[in-house]
Amino acid sequence: IPYTEATNPDITTPVFDAQATIYQGIIAELDEAMTTIGDATATGVGVDDVGENDVYCGGDLQKWKRLANTLKLRIAMRAYGADGASFAEGAIDQAMAAGLLETEADNVLMPKDFEISQWSAACYGDIWWNFGGMGSKWTMGKTMIDALRDNNDPRLPFYAQPAAGGTVTFTKPGGSEADNWQDRIDFITDVLSDAGVAITPVYTAADSTWTFEMPENMYYVGQPTRLNDKTYSVAAHQFFSFPAAEVVAAKNSGNDIRAELVMSTAEAYFLQAEAVVKGIVAGGAGVAQNHYQDGIRHAMALWGVSSGDIDTYIANEDMALLNGTDEENLEKIATQRWIASFTDGFEGFAIVRDMGYPAELASGVSDFTIFAAGDINGDYPQRMRYGNSAANSNPTNYAAAIAAQGPDQQDTPLWWSKSLEK
């Protein structure tokens, strides 16, 4: 994308810079910002203190400095190991030697506005309630619900609601819609059973129907990702968990609205654990585990989990221990980072591409009786496409970028992507 020439008003067709150049440039800008802040704690005194207008850090410049340094660590860790990223290791060392987000008060969250119209500043809930009927009321994904439920993670009721359940009857369609219909019924039955749902569908031959009786408001079940239209027709909304009420509360509804996640203290600890496991910085297994468990504690506390429930999880769950090979430990760190990114979809997307976990997502889909192939044959998307505007308004530099990095399609990996190792 354009970077070095992007803000020059005299250049209307800026070059598309290499990804390594952009990452290195952003790190330099963060360093400059941190140097500018120095030891300052506020923007000024009296009328010069504009902290009340700061929706991220409340005017605390040292918190801004810790945020900038943690972002530097995230960027450098993502670049580490990629071709042309020789700058990354030094940046990681610098970031870990300086102040990072560290305490519960350091979480950077943006409170949702209650006054500006949803058409100017929408939250999740505005889309949930006001667009497309049930089509806009997305369900929780299977990967997330499984990761929480199967590891006794106390965040589960803070992230999601039990599935509504009830009685649902499906009638076998006619024509080509009937092809593999029973396979899809069996697939949904297995998804429910694997989630622990006590369910035995009943088939009625006279009218070719399957009836599901699912206990109401009892089970947490995630909807499998990337179902095709035919499978989606038997994936009833009431089979799957909705997000927690706080996540999808609408503006001016009288309900609390979940603050927007900008960057969490938990991520700072997970990044440090990853750096130790990869051997970028010294520390050993004990230090890595301490960082990892501190990350879990902060991630859970951010959602209101009690200290007692956090202690129980840390003491009893294998998921709380870095007790495997380096790759197994990195999988746990990546999974916890991904869980902690909930409501920050772009960061969750980046974690999967960067670290290859959760593997259920990173590996894509291949059974096209059940799943949609999409435009990239079931692979996990690696990037957004440029779109027609870039190609039409800056064709020469657009063409040069495509020649350098690969086709303008969703399965062309970014420069740091884990998929390049396959």
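**Exercises on helix α13 and a three-stranded sheet**

In this predicted model, the buried residues of α13 are E347, G348, F349, A350, I351, V352, R353, D354 and M355.

**Exercise 1.** State how much of helix α13 is covered, which elements cover its buried residues, and what follows the helix.

*Solution.*
1. Take buried to mean under 20% relative accessible area.
2. Helix α13 spans residues 345-355, and nine of its eleven residues are buried, so by this cut-off the helix is mostly covered.
3. Look next for what lies against these residues: the cover includes α2 (61-79), α9 (265-277), α12 (326-340) and α14 (359-362).
4. At the end of the helix, α13 is followed by G356, which has a positive phi near 80 degrees.

**Exercise 2.** Find the strand order of the sheet that contains β2, β3 and β4, and identify its edge strands.

*Solution.*
1. The sheet is open, has three strands in the order β2-β4-β3, and its pairing is antiparallel.
2. Pairing on one side only marks the edge strands, which are β2 (166-171) and β3 (202-204).
3. From one strand to the next, the twist averages 20 degrees.

**Exercise 3.** Describe the pairing of β3 with β4, and name the helix that packs on the sheet.

*Solution.*
1. Strand β4 comprises residues 209-214, and β3 pairs with β4 in the antiparallel sense over three bridges.
2. Within this pairing, T204 stands opposite T209 of β4.
3. The helix packing on the sheet is α7 (residues 181-194), which touches β2 and β4.
4. The direction of α7 makes about 10 degrees with that of β4.

Notes: Residues numbered from 1 in each chain as written. Predicted model: local features only at pLDDT ≥ 70, side-chain atom pairs only at ≥ 80, totals over all residues. Heavy atoms only, no water. Pairing = 2+ DSSP bridges. Helix = DSSP H or I, 4+ residues; strand = E, 2+ residues; numbered from the N terminus. Axes fitted to C-alpha atoms, helices over the stretch in contact; angles between N-to-C directions. Contact = heavy atoms within 4.5 Å. Buried < 20%, exposed > 50% of the residue type's maximum accessible area, 1.4 Å probe, protein only.
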